[in-house]
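User: I have a structure open and could use some help reading it. Can we go through it piece by piece?

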Amino acid sequence: MTDPKNVHSVLAKHQLADGFPMVLDLERSHGVWLHDAASGREYLDCFTCFASWPIGYRHPMMDDKAFQEELLVAATNNPANSDLYTTSMVDFVEAFATRVTPADYPHHFWVAGGALAVENALKTAFDWKAHKVGTDQVHDGNDLVVIHFRQAFHGRSGYTMSLTNTDPTKVELFPKFAWPRVHNPACRFDLDGNLVDGVEADEQRSIDEIKAAFAKHAGRVACIIIEPMQGEGGDNHFRPEFLQALRDLCDENEALLVFDEVQTGFFGSGKPWLWQTKGVKPDVVSFGKKSQVCGIYANERVDDVKDNVFRRSSRINSTWGGNLVDMVRSRRFIEIIEQEKLADNVAAQGDRMIAGLRALAQDKGGFDNVRGVGSLVAFDVEDGKQRDALLGRMRDQALLALPCGARSVRFRLPLVISAEEVDKALEMVANALPAKVQA
Ligand SMILES: Cc1ncc(COP(=O)(O)O)c(C=O)c1O
C-alpha cells in the first residue's frame, strides 16, 4: 500500500492532484473527525465531502452484520439497475420513495451524479413542454429554453453548463445554450437574524426579468430551475414569497418548476427537502450528494402528457441507473437518520452554530450576514482574499469548511454533530479570526 506521505506525489504523476493536502484515513476517522493519514492530525469536518457525507465517519450502525453482507454482495457485482432488478434495489427504492420523497411525488428516476440528475430534470421538462406545444412545433425541441438564475450552480455536464454561472473557469470555452438568465434576489441578514431591507425590490427585478423572458420565448419556456438555496453561488437564501411567485409564474405560463436540491436535500435542512421549510411545492426535484444515489422525483403534473419520460421507455436512462452499492448504503442512511433522529439533531445544531456565529460576530466583528438552516450555515467576510486567508487559518486550527460565492465561508455540518462539537467549531472560528479582530 502507498505510504500516506507519498499519496500526492504519486497521484501527481498521473492526474491533477490539487485536492486537500491531507490524506483521508478511513480506518481512523470517526464521527465528525477526519483523520489525516499523512500527518496523524484530526480535523473537525464541516465540509463533509462537499455536503455529500451525512453521518460522520465509521458510524456504529454501519457495522451491522446484515448490512455489511448485503453491501459486499452489491460491491462484488454491478447490475444494470434500470433494466435488471434485485431485491436490494427494490428495498432501496421502496425506502426512498416512501420515507424520503413526499407522497404526492409518484415518479422517480435514478442516476449516478448530481449534474446528470439535473440533466434529466431538464429533459423531463423539455419532453413535457414539447408535447404540450405540439412536438412538430418546437423544431425537434431546439426552440425550448430554461429560465435560470445568476450565481446558479447546477453542475458541469452538457446542459447544466448552460445554467451554471459561478466561477467562469468551470464553463468558459465550452459551447453553451443562450438560455434566459435572471437576477437572483438573495436575502441578507443582520446579526440579530432579521432580513435586511431591500429584498422585495430585488425580487421584483427578478420577476420582471422572468416575465420578459416568458414574453420573449413565448410558449417555449420548459421550466424555471432554481436551487431553493444557492450553494456554490454564495449560500444565497430566498424568501418563501419569492419561491411562491415562481410557482405562480410557472402555473400561469405552463412551465415546470424545478428545484435543484443536489446540495440542500436529503435532510440537510432538518427536513428531507429544503423546499418543505418554505412551503412551496416544485414539480420536479433533482437530488444527489447526501442521498448517495442521485436522480429526480416528480409530481403528477408530468402526467398531463400521457407518454411522459417516466412512462415511455428509453427517453431517459443510463446503463447502471444509479449504482447498487450506493443504493444499499443510501437505504442504511435512511434507517440511521430515522433511528437516531439526525434531522432533528442537525436542525438544532444548525441553530446553535448560527446563534454562536452571530454572537461571535457581534462580539469580535470580522464577518457578517450569518445565515443558514440545519447543516447549511454560512457567513460573509469583507472580500475573497480575506475569506481565503480565514479558511486557511481555520484549517490550521483543524476546522474544515468551504468557500462559496465571492466572499462567503460555508459550513456543511455532518448530521451527527453534537452541541459540544459545534462549540468546538465556534472556538476554532474565533481563534482563526484575524489578529486585529481578536485584539
Ligand atoms: C445544486 C447543485 N446541483 C448540481 C451539482 C452537481 O453535482 P455533481 O458534482 O454530483 O455532478 C452540485 C454540486 O455541487 C450542486 O451543488
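Analyst: What follows goes from domains to single residues.

User: Before that, what kind of model is it, and how are residues numbered?
Analyst: This is a predicted model, where local features need pLDDT of at least 70, side-chain atom pairs count only at pLDDT 80 or more, and totals for chains, interfaces and linings use all residues. Residues are numbered from 1 along each chain as its sequence is written.

User: ok, which domains are there?
Analyst: The domain assignment gives domain 1 (76-336) and domain 2 (341-410 + 430-439). Such bounds come from an automatic or database domain assignment. The C-alpha centres of the two domains lie 28 Å apart.

User: How many residues are in contact between domain 1 and domain 2?
Analyst: 20 residues of domain 1 are in contact with 23 residues of domain 2. Two residues are in contact if their C-beta atoms, placed from the backbone, lie within 7 Å.

User: And by class, what is on the domain 1 side?
Analyst: The side of domain 1 that touches domain 2 has five nonpolar, 11 polar and four charged residues. Here Ala, Val, Leu, Ile, Met, Phe, Trp, Tyr, Cys and Pro count as nonpolar, Asp, Glu, Lys and Arg as charged, and the others, Gly among them, as polar.

User: Where is the largest nonpolar core, relative to the domains?
Analyst: Domain 1 (76-336) and domain 2 (341-410 + 430-439) both give residues to the largest nonpolar core, so this core lies between them. The core has 118 residues, and those with the most contacts inside it include Ala-125, Ile-224 and Leu-399. A nonpolar core is a set of buried Ala, Val, Leu, Ile, Met, Phe, Trp, Tyr and Cys residues joined through C-beta atoms within 7 Å. A residue is buried if 20 or more other C-beta atoms lie within 10 Å of its own, exposed if 12 or fewer, and partly exposed in between, with C-beta atoms placed from the backbone.

User: What does Ile-224 touch?
Analyst: Not counting residues up to four places away in sequence, Ile-224 touches Ile-147, Leu-246, Leu-249, Cys-250, Ala-255, Leu-257 and Val-258.

User: Switching to the ligand. Which residues are closest?
Analyst: The closest are Gly-114, Ala-115, Gly-155, Val-262 and Gln-263, out of 15 residues that surround the ligand. A residue is near a molecule or strand if its C-beta atom, placed from the backbone, lies within 6 Å of it. By class, the shell divides into five nonpolar, seven polar and three charged residues.

User: Which helix gives the most to that shell?
Analyst: Helix H5 (residues 114-133) does, with three residues. Helices (H or I, at least four residues) and strands (E, at least two) are DSSP runs, numbered from the N terminus.

User: Now sheets. What is the order in the one with seven strands?
Analyst: The order is S3-S11-S10-S9-S6-S4-S5, in an open sheet with mixed pairing. Two strands pair if DSSP finds at least two bridges between them. Strand S3 (107-111) and strand S5 (181-182) stand at the edges with a single partner strand each, so one side of each has no neighbour in the sheet.

User: How do S10 and S11 pair?
Analyst: Strand S10 (residues 284-287) and strand S11 (residues 294-298) are antiparallel, over four bridges. Ser-286 has Ile-296 in S11 as its bridge partner.

User: What about S13, how many of its residues are buried?
Analyst: Five of the five residues in strand S13 (residues 376-380) are buried. Leu-376, Ala-378 and Asp-380 point one way, while Val-377 and Phe-379 point the other way. In a regular strand the side chains alternate between the two faces of the sheet.

User: Which strands does S13 pair with?
Analyst: S13 pairs in the antiparallel sense with strand S12 (residues 368-373) over four bridges, and with strand S16 (residues 408-412) over five. S12 and S13 form a hairpin with two residues between them, and Gly-374 in the turn has a positive phi of about 60°. Leu-376 is the bridge partner of Val-373 and stands opposite Arg-412 in S16.

User: Last one: why does His-237 count as buried?
Analyst: His-237 counts as buried because it has 23 C-beta neighbours inside 10 Å. His-237 is found in strand S8 (residues 236-237). Leaving aside neighbours within four places in sequence, His-237 is in contact with Ala-186, Cys-187, Met-229 and Arg-371.

User: And Asp-36?
Analyst: Asp-36 is partly exposed, with 19 other C-beta atoms within 10 Å. Asp-36 lies in the loop between strand S1 (33-35) and strand S2 (42-45).
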